[in-house]
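Here is a friendly walk through one protein chain. Have a look at the sequence and the model first, and then read on.

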Amino acid sequence: MLDIRRIRTETDAIKANLAKRGEDTSKIDALLALDVTRREKQSEWEVLRAEQKRLGQQIAAAMKAGVDRLPLSSNNLNPPSVSITQAIEERENSETLQTRSSEVKVRLQNLDFKLKSLDMEQETLLSKLPNLVLEDVPEGGEEKNIILESPDNFGNWYQASKRISQSTLRTPREFDFEPKAHWDLGVSLGLFDTERGAKL
């Protein structure tokens with residue numbers, strides 16, 4: 001499967017390679033547009049996550065300072081070290097921080113869901129792209145296929161199955177004896193014991 005980072009950096013080369021293969025290059029444009037959207041959502045998620053961590057630290061600091069435990073009435077035997085108005089303001093600030101933290105948490109959950117769906121869509125598009133071909137491979141297409149020869153024996157099946165241009169076609173190697181298949185060679189050299197193998 002192609003790497004999205006390579007597609008970002010070598011877009012034109014990959015498009016040319018896919019065109020050489022006979023593929024539709026608009027798939028790359030759609031993939032890059034999806035990648036831009038996914039990266040924007042990822043950046044937004046990271047900003048919100050940093051804000052959530054900052055808010056958590058502020059709420060923890062407020063709780064540690066005892067803001068939530070400050071008495072709001074003045075009929076306490078031990079008067080608080082801060083005034084009642086300061087306590088009210090700090091309590092309201094703490095509640096504002098907690099409300100904002102809850103809002104950020106909900107937005108993060110929504111962005112998580114969107115990011116996962118965008119990741120799955122991107123993976124699906126990437127999996128549908130074919131691998132790149134080597135530079136020396138001729139352009140593809142059914143009309144350019146050449147059948148070199150039909151495989152009449154086991155020895156030249158590989159050459160017959162390759163679809164190469166006429167200029168690179170080699171003549172089959174000539175032997176002064178009849179070539180054997182690998183299973184016949186294995187038995188004659190004592191490497192295979194087919195009779196014992198059949199008993200197992």
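The notes below go from the whole chain to a helix, a surface patch and a ring pair.

## The chain as a whole

Please keep in mind that this is a predicted model. The chain has seven helices and zero strands, and its pattern along the sequence reads α-α-α-α-α-α-α.

How much of the chain is buried? Buried residues account for 20% of its 200 residues. The accessible surface is about 15400 Å², and carbon and sulfur atoms contribute 53% of that area. As for contacts between residues at least 6 apart in sequence, 65% of them link residues at least 24 apart.

## Helix H3

Helix H3 covers residues 26–64, which is 39 residues. From first C-alpha to last, H3 spans 57 Å, close to the 57 Å expected at 1.5 Å a residue.

Which residues of H3 are buried? They are Ile28, Leu31, Leu32, Leu34, Asp35, Arg38, Leu48, Glu51, Gln52, Leu55, Ile59 and Ala62. The list includes Asp35, Arg38, Glu51 and Gln52 as well as Leu48 and Leu55. As background, an α-helix has 3.6 residues a turn, so residues three or four places apart point the same way.

Alanine 60 also sits in H3. Its relative accessible area is 44%, so alanine 60 is classed as partly exposed, being between the 20% and 50% cut-offs. Alanine 60 and serine 94 are separated by 34 residues in sequence, while their C-alpha atoms are 9.6 Å apart in space.

## A nonpolar surface patch

Further along the chain, a nonpolar patch of about 620 Å² appears on the surface. Its members are Trp183, Leu185, Val187, Leu189, Leu191 and Phe192.

Where does phenylalanine 192 lie? It is in the loop between helix H6 (182–188) and helix H7 (194–199). With a relative accessible area of 39%, phenylalanine 192 is partly exposed. That value is over the 30% needed for a patch residue, so phenylalanine 192 passes this accessibility test.

## The aromatic pair

How many aromatic pairs are there? The count is one aromatic pair. The partners are phenylalanine 175 and phenylalanine 177, with ring centres 5.3 Å apart and 45° between the planes. An angle of 45° is neither under 30 degrees nor over 60, so the pair is described as tilted.

Are these two rings' residues buried or exposed? Phenylalanine 175 is partly exposed at 40% relative accessibility, whereas phenylalanine 177 has 51% and counts as exposed. The cut-off for exposed is over 50%, which is why phenylalanine 177 falls in that class.

How values were computed
Residues are numbered from 1 along each chain as its sequence is written. This is a predicted model: local features need pLDDT of at least 70, side-chain atom pairs count only at pLDDT 80 or more; totals for chains, interfaces and linings use all residues. Side-chain values use heavy atoms; hydrogens and water are left out. Helices (H or I, at least four residues) and strands (E, at least two) are DSSP runs, numbered from the N terminus. The expected span of a helix is 1.5 Å times one less than its number of residues. Buried means under 20% relative accessible area, exposed over 50%, partly exposed in between (1.4 Å probe, protein chains only). Patches are made of residues with over 30% relative accessible area and no salt bridge: like charges are joined within 9 Å, nonpolar side chains (Val, Leu, Ile, Met, Phe, Trp, Tyr) within 5 Å. Accessible areas come from the Shrake-Rupley method with a 1.4 Å probe; for residues, only the protein chains shown count as cover. A salt bridge is a side-chain nitrogen of Lys or Arg within 4 Å of a carboxyl oxygen of Asp or Glu. Rings of Phe, Tyr and Trp (its six-membered ring) pair if their centres lie within 6.5 Å; planes under 30 degrees apart count as stacked, over 60 as edge-to-face and the rest as tilted. Contact means heavy atoms within 4.5 Å.
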